[in-house]
Amino acid sequence: MKEIVTVTGPIAPEELGFCQCHEHIAMSKGKSWYLNPALRIDDMAKSLEEVRRYKSCGGDSFIDAQPCGCNRMAEELRKLSVKSGVHIIASTGFHKLCFYPDSHWIHSISEADLEEVFVRELTTGMYTDADCTYPSVQSSIKAGIIKTAYDTEELSPRYKKLFRAAASASLKAERIIMIHVEQDTNPI
């Protein structure tokens, strides 16, 4: 890999330093909050304090694993990175489907269109309006990784569609995939 894409722009691999590979530091109130109130991280003063503490303990970078359409806060991630000096790699992709309302576009989008959403977030900029509506408004802040989720539903037809779209986007944009594996699943 020639470069790593962070919320403030690309960095060389040697700039990555010590990197945590699966964190959540900025997340607005959404369906996940209704399932578990701890899944809301929108006090940016507290988030900044946590990121600065991480930096003071030797942390240089981390991947924020909150994906598109699931209450990710792209602009806040950029601000946290600038204020703390920690490289933050944002995610496109998808989370466990239980974290999306039944009416969410992720349930009805075609595989080709989903791949295009992922590619655009990696190459052009992350969508800022995808939590409640089909993504159309992009920021200039790019995602650097594709996050996927494997839960107890396992590889049902709807998850197969999501994983195929992520794999195709990974090849097209030349970015890597992270897989969240839920307890009590059998990913083999």
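Modeller: A disulfide is a pair of cysteine sulfur atoms within 2.5 Å. Keep that cut-off in mind, as this is a predicted model.

Biologist: How do you know that Cys 57 is too far for a bond?

Modeller: The closest cysteine sulfur belongs to Cys 19, and it is 16 Å from the sulfur of Cys 57. The cut-off is 2.5 Å. Therefore Cys 57 has no bond to Cys 19.

Biologist: What about Cys 98?

Modeller: Cys 98 is in no disulfide either; its nearest cysteine sulfur, in Cys 70, is 8.5 Å away. By this rule the count is 0 disulfides.

Biologist: Why is Cys 57 called exposed?

Modeller: Its relative accessibility is 68%. Exposed means over 50%, so the word fits Cys 57.

Biologist: What makes Cys 98 partly exposed?

Modeller: Cys 98 has a relative accessible area of 35%. Partly exposed lies between 20% and 50%, so Cys 98 belongs there.

Biologist: Now the sheet. Which strands does the order list?

Modeller: The order is β6-β7-β8, in an open sheet with parallel pairing.

Biologist: Why do β6 and β8 stand at the edges?

Modeller: β6 (91-93) and β8 (177-181) each have a single partner strand, so one side of each lacks a neighbour in the sheet.

Biologist: How do you know that β6 and β7 pair?

Modeller: Pairing needs at least two bridges. β6 and β7 (residues 145-150) have 3, in the parallel sense. For Ser 91, the bridge partner in β7 is Ile 145.

Biologist: Which helix lies across β6 and β7?

Modeller: Helix α4 (residues 111-123), running at about 165 degrees to β6. Helix α5 (residues 157-173) also packs on the sheet, touching β7 and β8.

Note on methods: Residues numbered from 1 in each chain as written. Predicted model: local features only at pLDDT ≥ 70, side-chain atom pairs only at ≥ 80, totals over all residues. Heavy atoms only, no water. Buried < 20%, exposed > 50% of the residue type's maximum accessible area, 1.4 Å probe, protein only. Helix = DSSP H or I, 4+ residues; strand = E, 2+ residues; numbered from the N terminus. Contact = heavy atoms within 4.5 Å. Axes fitted to C-alpha atoms, helices over the stretch in contact; angles between N-to-C directions.
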